[in-house]
Amino acid sequence: SAIHGCIPLIIMDAIPQPFEELLPYETFSLKATKADIASGAMWQLVSNLTTDKLAQLLVGLAQYRGALMWRPEQGGEAYEHLL
């Protein structure tokens, strides 16, 4: 989703994200749990996004997008984060 400029919605209970210790995921993604799906809380999370919060997430995504991508020709920097 990040490659296409979409805000990632991460639904993974207790599983760390790649480079979590280096990347501030909260600045460019939303997190939900499996329980949030069942209870409907995930839909509230998404539908209650303000335009200001969405704009902040998009700015964060623009800043860190390259760190999530592997292909250098597309602006990917993930390999450098491994070094």
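## Setting the scale

Buried here means under 20% relative accessible area, exposed means over 50%, and partly exposed is what sits in between. Keep that scale handy, because at 47% relative accessibility K31 counts as partly exposed. One caution before going on: this is a predicted model.

## The overall layout

The protein has 4 helices and 2 strands. Read from the N terminus, the order is β-β-α-α-α-α. Of the 83 residues in the protein, 25% are buried.

Now for the outside and the wiring. About 5,700 Å² of the protein is exposed, and carbon and sulfur atoms supply 60% of that area. As for contacts with a separation of 6 or more, 47% of them come from residues 24 or more positions apart.

## One salt bridge

How many salt bridges does a search of the whole structure find? The count is 1. The partners are K31 and E20, whose side chains meet at 3.7 Å, N to O. K31 belongs to strand β2 (residues 30-32), while E20 sits in the loop between β1 (9-11) and β2, so the salt bridge ties together parts that are 11 residues apart in sequence.

We already have K31 as partly exposed, at 47%. What about E20? With 34% relative accessibility, E20 counts as partly exposed too.

## The loop between the strands

The loop between β1 and β2 is worth a walk-through, and A14 is one of its residues. Phi of A14 is near 60°, which is a positive value in a residue other than glycine. A14 is also exposed, with a relative accessible area of 83%.

Q17 lies in the loop between β1 and β2 as well. Is Q17 buried or exposed? Its relative accessibility is 12%, and the cut-off for buried is under 20%, so Q17 counts as buried. A polar atom of the Q17 side chain lies 3.4 Å from the backbone oxygen of I15. If you set aside neighbours within four places in sequence, Q17 is in contact with I10, M12 and Y25.

S29 is another residue of the loop between β1 and β2. S29 is buried, its relative accessible area being 6%. Which backbone oxygen does the side chain of S29 reach? That would be the one of Y25, at 2.7 Å. Not counting residues up to four places away in sequence, S29 touches I7, P8, I10 and L57.

## L57 and its neighbours

That last name, L57, leads to helix α3, which covers residues 51-64. L57 has 0% relative accessibility and counts as buried.

What does L57 touch, leaving out residues up to four places away in sequence? The list is I7, E26, T27, F28, S29, L30 and L49. Take F28 from that list: L57 and F28 are 29 residues apart in sequence, yet their C-alpha atoms are 4.4 Å apart in space.

## Aromatic rings

F28 turns up again among the aromatics. The structure holds 2 aromatic pairs. One of them is formed by Y25 and F28, with 5.0 Å centre to centre and 40° between the planes, and this pair is tilted. Why quote both a distance and an angle? A pair of aromatic rings is described by the distance of the centres and the angle of the planes.

Y25 and F28 are both buried. Together with Y64, Y25 and F28 form one aromatic cluster. Y25 also ties back to the loop residues above: Q17 is in contact with Y25, and the S29 side chain reaches the Y25 backbone oxygen.

## A nonpolar patch on the surface

Back to the outside of the protein. Which residues make the nonpolar surface patch of about 270 Å²? The members are L9, I11, I37 and V46.

I37 comes from helix α1, which spans residues 34-39. At 37% relative accessibility, I37 counts as partly exposed.

Conventions
Residues are numbered from 1 along each chain as its sequence is written. This is a predicted model: local features need pLDDT of at least 70, side-chain atom pairs count only at pLDDT 80 or more; totals for chains, interfaces and linings use all residues. Side-chain values use heavy atoms; hydrogens and water are left out. A salt bridge is a side-chain nitrogen of Lys or Arg within 4 Å of a carboxyl oxygen of Asp or Glu. Buried means under 20% relative accessible area, exposed over 50%, partly exposed in between (1.4 Å probe, protein chains only). A polar contact is a pair of N or O atoms within 3.5 Å; within protein, one must be able to donate a hydrogen and the other to accept it, and residues adjacent in sequence count only if both atoms are side-chain atoms. Contact means heavy atoms within 4.5 Å. Patches are made of residues with over 30% relative accessible area and no salt bridge: like charges are joined within 9 Å, nonpolar side chains (Val, Leu, Ile, Met, Phe, Trp, Tyr) within 5 Å. Accessible areas come from the Shrake-Rupley method with a 1.4 Å probe; for residues, only the protein chains shown count as cover. Rings of Phe, Tyr and Trp (its six-membered ring) pair if their centres lie within 6.5 Å; planes under 30 degrees apart count as stacked, over 60 as edge-to-face and the rest as tilted.
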